[in-house]
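The exercises below are meant to be worked with the sequence and the 3D structure open side by side. Try each task before reading the solution that follows it.

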Amino acid sequence: MSAKNKSNEIRISRVYDAPVSAVWDAWTDPKQVAQWWGPRGFTITTHSKDLRPGGHWNYTMHGPDGTDYPNTTQYFEVEKNAKLVYDHGGHEDKPALFRVTVLFSEVKGKTKMEMTMTLPTPEKAEETRAIIKKFGGNSTWDRLAEYLEKESTGKEEFVINRTFDAPLATMFQMWTDPKHFSRWLPPTGFTMQFIRCEIRPGGEGFYAMSGPNNMKMYGKVNYIKIEKPDTIVYTQQFSDEHGNLARHPMAPTWPATMLTVVKLTEEGPDQTRVTVTWEPYEGATREEIDTFINARSGMTQGWTGSFDKLDAYIASH
Amino acid sequence: MAIDSLSSTFSALADPTRRAILARLSKGETSVTELAEPFAMSMPGISKHLKVLEKAGLIERGREAQWRPCRLQAKPLKEIADWTSQYKKFWEESFDRLEEYLKTIQKPDAKPPARKRKK
């Protein structure tokens, strides 16, 4: 088990492809923060915000199942485009859960965001990690990436980050060695067979996924970039058994070609964070893009959560 | 279920006003006037949206004499939810499987443990 810097601290580090002023504004402007703050499926309402040392941000988080979570953030340090220190999770008489220090720095047009959450004890830190995991709290930082991309380029993309307990080189192999990715990529119950496999920039993979009930689906992967130690970029398409471009049988307007960008970041000798960006490939039609956006807003607005209410409504009519 | 019903549902949802209308209807049926209220939009404007939603089978219009209430039809939305939850889960589940797989291949550790039983 690798030793973390301080076991009562939770650290999050992200790099955003945006200037530091854009990231700062996204954090501090109530209209902007409302568009990404919180795990996927959550929305927020800001009641008041006073961004200065001693000031408060009063807001309510609305969960996908309809539960409301009132929050009061108290600010201690506010340095524009550089630093924020605040207490999180308190409200009225309820004391704050933890103190947060966020540092922003810009290098070559990209912003590094480093957050440290300080808990009173290592046990509390473990508890908080579990709560964050349960609510999908780390997806907040993915939502920020999606928001910033949409603001600066208009592009709609899906971002997911996860840290794995494995060294960088191993993680790179997970994507570039078919012996490995055929073991974790296919959905449970499916196996992957390669009809063609050239894992190099410009190379192509053609594979079949066999599932229960003799179900068979075909797909093609075209590698655009494979850069050791940390970058893999490829497009993905559905195809028929002859390798001709096909559509997903259930949704003919789902983008025919999706672009996946995989970036690996070393967070320790045995820890790697994987960042996947997923978007319709250039040349996608307006209809395909809208289909993707709606599926994504389904993911972010938590349509699935509202169905419990819908089912109840329908059952009562 | 027609294979194309997902596409027509997706394009019906491709508008924030229509999504907001559906969100309001999920709270209960209501009149067109009430639906139009939150939007700075004319009645013909709202009616256009309602026609799209009706064509996609997402709402139905009642036939009561004095007013035609709009009601939400959940089936197409449920189909979308099933579809989108696949994609919501797609990467999460891929990563879950990757995590499990890494555990199996990293078990024969490079670092020898303090005491190891010889076979």
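**Exercise 1.** Find which residues of helix 2 of chain B meet helix 4 of chain B, and describe how the two helices pack.

*Solution.* Step one is to list the residues on each side: in this predicted model, Thr17(B), Arg18(B) and Ile21(B) of helix 2 of chain B meet His49(B), Val52(B) and Leu53(B) of helix 4 of chain B. Step two is the geometry, in which helix 2 (residues 16-25) of chain B and helix 4 (residues 43-55) of chain B pack at an angle of about 70°, their axes lying 10 Å apart. Step three is to name that arrangement: because angles of 65 to 115 degrees count as roughly perpendicular, helix 2 of chain B is roughly perpendicular to helix 4 of chain B. Step four is to sort the contact by class, which gives three nonpolar, two polar and one charged residues.

**Exercise 2.** Work out which elements make up chain B, and in what order they run.

*Solution.* Counting the elements of chain B gives five helices and two strands. Read from the N terminus on, they follow the order α-α-α-α-β-β-α. For the packing of the chain as a whole, 22% of the 119 residues of chain B count as buried, and among contacts in chain B with a separation of 6 or more, 55% come from residues 24 or more positions apart.

**Exercise 3.** Determine how chain A is divided into domains, and what distance separates their centres.

*Solution.* The domain assignment of chain A gives domain 1, covering 9-155, and domain 2, covering 163-308. Taken over C-alpha atoms, the centres of domain 1 of chain A and domain 2 of chain A are 29 Å apart.

**Exercise 4.** Trace the open sheet of chain A that has the order 1-7-6-5-4-3-2, and find which helices pack against its strands.

*Solution.* Begin with the order itself, which holds seven strands with antiparallel pairing. The edges of this sheet are strand 1 (9-16) and strand 2 (43-49) of chain A, each of which pairs on one side only, and the twist from one strand to the next averages 25°. Next, take one pair in detail: strand 2 of chain A is joined to strand 3 (residues 56-62) of chain A by six bridges in the antiparallel sense, and Thr45(A) has Thr60(A) in strand 3 of chain A as its bridge partner. Then add helix 1 (residues 20-28) of chain A, which packs on the sheet and touches strand 1, strand 5 (83-90), strand 6 (98-107) and strand 7 (110-118) of chain A, its direction making about 155° with that of strand 6 of chain A. Finally, helix 3 (residues 122-135) of chain A lies across strand 1, strand 6 and strand 7 of chain A, and runs at about 45° to strand 1 of chain A.

**Exercise 5.** Follow strand 13 of chain A to its partners, strand 12 of chain A and strand 14 of chain A.

*Solution.* On one pairing, strand 12 (residues 231-239) of chain A is joined to strand 13 (residues 257-268) of chain A by seven bridges, and the two run antiparallel; here Thr231(A) is bridged to Lys263(A) in strand 13 of chain A. On the other, strand 13 of chain A pairs with strand 14 (residues 271-280) of chain A over 10 bridges, again in the antiparallel sense, with Val262(A) opposite Val276(A) in strand 14 of chain A. Strand 13 and strand 14 of chain A form a hairpin with two residues between them.

Key
Residues are numbered from 1 along each chain as its sequence is written. Chains are lettered from A and ligands numbered from 1 in the order in which they are written. This is a predicted model: local features need pLDDT of at least 70, side-chain atom pairs count only at pLDDT 80 or more; totals for chains, interfaces and linings use all residues. Domain bounds come from an automatic or database domain assignment. Axes are lines fitted to C-alpha atoms, for helices over the stretch in contact, and angles run from 0 to 180 degrees between N-to-C directions. Helices (H or I, at least four residues) and strands (E, at least two) are DSSP runs, numbered from the N terminus. Angles under 35 degrees count as roughly parallel, over 145 as roughly antiparallel, 65 to 115 as roughly perpendicular and the rest as oblique. Two residues are in contact if their C-beta atoms, placed from the backbone, lie within 7 Å. Ala, Val, Leu, Ile, Met, Phe, Trp, Tyr, Cys and Pro count as nonpolar, Asp, Glu, Lys and Arg as charged, and the others, Gly among them, as polar. Two strands pair if DSSP finds at least two bridges between them. A residue is buried if 20 or more other C-beta atoms lie within 10 Å of its own, exposed if 12 or fewer, and partly exposed in between; C-beta atoms are placed from the backbone.
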